[in-house]
Amino acid sequence: MLGLFSLVIPAFSYAYLDLGTGSYMFQILIAFVLGGLFTVKQYFRQIRDFISGLFFRKKNDSFDEQK
Amino acid sequence: MNKNSLIRSSFRDPSGFLFLRDGILYRQVNLVYKDHYEHLLKSGLYNALLSEGLLIEHDEYADINDGIAYKIIRPEVIDFISYPYEWCFSQLKDAALTTLKIQGIALKYQMTLKDCSAYNIQFQKGKAILIDTLSFEKYSEGEPWAAYRQFCQHFLAPLALMTYTDVRLGELLKTFIDGIPLDFAVKLLPFRSKVNFHLLTHLHLHMKSQRHYSKKTFQKKGAQFTRLAFDALVDSLESAIASLKWKPEGTEWVDYYQDTNYSSEAFLYKKQVVDSLIEKIQPKSIWDFGANTGIFSQIASTQKIRTLAFDMDCAAVEKMYLDCRKRNDSYLLPLCIDLTNPSPAIGWQNQERMSFIDRGPIDTIIALALIHHFALTHNVPIEFIARLFSKLCNSLIIEFILKTDSQVQKMLSLRKDIFSNYNEKTFEKEFSKYFEIKETIKITDSERVLYYMINRGH
């Protein structure tokens, strides 16, 4: 049924897309800055979640007490 | 005899390609992709994406061992193929966010998207979904994202242009089939786009890097791009897309239903007539042209009929899409289509992306308060309008607005009336060449007539 398509197929599969040298190098250049900002963002997210978790637990506890 | 026919847009990726056989869609998975395909399934990524409605389903049809092909799979078929230059702002934005969400999930399963073409996303049941199952490859830490450039060109650049310059610039995706080149996008963006840190990074500075390295040769070295950097990149792009917002207002047709020419009784009557006609016809699918805010398209989608709502006004389509999203309407898909200049066939040999006309015909077309614009604003002869519709549908619900209608009078007030053929008699005569008129219903309290017709060719 198939094998009628004689497309040239390479022996291995790399990304077939043209990455673009400028785009490739740019990612390496900004990696450190983006990584640093992301780490700080994650840190503040964890603090925020911890505090809102505390607040939510307190609210639930006082609600249970009222019941 | 070879009964297989290649899908014209599916040829760039050596991992495999789509083809049709006896009207059924298949995807050949090549041996070079075998490891990645097996990892996609065994790692659990395929099921994870399926459970969130982010990737189309497929079933495995046959195993092959001819030195080239590895497997044939049968993917889920998309109801209607649409293209990024036909999407409103929020559809393109949702397609971008869906792509990034998929990339984020893929990394957790040690895979990554090797391309980020907007054409890999389609809208099915009202939601953006990835249709290229072979887009994934096994992730190995060290290499930057292969699809970064493509993501910026296909999604970030057009969305930034639509936000900061003009929403109609989304149409540039028709001209630039691999997304808008960053140097061009940056020229069209105002200075204030640089105040957005993410656009400054991924468009302006990214472009400068492209320009800087454009004439340099480069040797790839060892691992330099960590997993943390990758997660940070995806997160930054998500923030970039999320920061782009556009309000649908200020266009010619966005407030149409505040200014229309119907009394509330006439409008209600028209809705009832359209509703009962659709119920009688029971079409499998409907195209609603000049749908505006989708009031009549919703009559069809409420009856669980797959409905496409087209309008040339991007703000009207935006409002329709946001409303569909809010109501979770899985039967209605709004798109930006101008029937006086519908999407052409583009790409290699003008065959990669289909023209709008070639994506028909459809069961039923609804054309309400529409054709007077073609005839009187665009000077299209009624015979041409009839011929076009005859190619597109099996049956037609169409409204003819008489010259005595006050809106038509307003349209003609500053022009010489050269439209001696614009009348009921000519309309019925020209359409009867292609359609059999089954019902003629005068809308009470108006100068408008609804027709239900069946194509003579079907």
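## Hairpin of strands 2 and 3

In this predicted model, strand 2 and strand 3 of chain B form a hairpin with two residues between the strands. Asp22(B) takes a positive phi near 50° in that hairpin. Strand 3 covers residues 24-30 and pairs with strand 2 in the antiparallel sense over six bridges. Within this pairing, Leu25(B) of strand 3 stands opposite Leu20(B).

Strand 2 (residues 16-21) of chain B is also joined to strand 1 (residues 4-6) of chain B, by three bridges, and these two strands run antiparallel. Here Leu20(B) in strand 2 stands opposite Ser5(B). Leu20(B) thus appears in both pairings, facing Ser5(B) and Leu25(B).

## Helix 3 against helix 8

Helix 3 (residues 89-108) and helix 8 (residues 227-242) of chain B pack with their axes 10 Å apart, at an angle of about 165°. Because of that angle, helix 3 of chain B is roughly antiparallel to helix 8 of chain B; the cut-off for this term is over 145 degrees. The crossing of the two helices is left-handed.

Which residues of helix 3 of chain B meet helix 8 of chain B? They are Lys93(B), Ala96(B), Leu97(B), Leu100(B), Lys101(B), Gln103(B), Leu107(B) and Lys108(B). From helix 8 of chain B, the contact takes in Arg227(B), Phe230(B), Asp231(B), Val234(B), Leu237(B), Glu238(B), Ile241(B) and Ala242(B). By class, the contact between these helices has nine nonpolar, six charged and one polar residues.

## The seven-stranded sheet

Seven strands of chain B form an open sheet with mixed pairing, in the order 12-11-10-13-14-16-15. Strand 12 (332-336) and strand 15 (435-442) of chain B are the edge strands, each pairing on one side only. On average, neighbouring strands of this sheet are turned by 20° against each other, direction ignored.

Within the sheet, strand 10 (residues 285-289) and strand 13 (residues 362-367) of chain B pair in the parallel sense over four bridges. Trp287(B) has Ile365(B) in strand 13 of chain B as its bridge partner.

## Helix 13 over the sheet

Helix 13 (residues 382-392) of chain B lies across five strands of chain B: strand 10, strand 13, strand 14 (393-401), strand 15 and strand 16 (448-455). Relative to strand 14 of chain B, helix 13 runs at about 150°.

## Confidence

The mean pLDDT of chain B is 94, and 95% of the residues in chain B reach 70 or more. For the model, ipTM is 0.88 and pTM is 0.93. Where pLDDT is low, the predicted coordinates should not be read in detail.

How values were computed. Residues are numbered from 1 along each chain as its sequence is written. Chains are lettered from A and ligands numbered from 1 in the order in which they are written. This is a predicted model: local features need pLDDT of at least 70, side-chain atom pairs count only at pLDDT 80 or more; totals for chains, interfaces and linings use all residues. Side-chain values use heavy atoms; hydrogens and water are left out. Two strands pair if DSSP finds at least two bridges between them. Axes are lines fitted to C-alpha atoms, for helices over the stretch in contact, and angles run from 0 to 180 degrees between N-to-C directions. Contact means heavy atoms within 4.5 Å. pLDDT is the predictor's confidence in each residue, from 0 to 100. Angles under 35 degrees count as roughly parallel, over 145 as roughly antiparallel, 65 to 115 as roughly perpendicular and the rest as oblique. A crossing is left-handed if the near helix is turned anticlockwise from the far one by less than a right angle, and right-handed if clockwise. Ala, Val, Leu, Ile, Met, Phe, Trp, Tyr, Cys and Pro count as nonpolar, Asp, Glu, Lys and Arg as charged, and the others, Gly among them, as polar.
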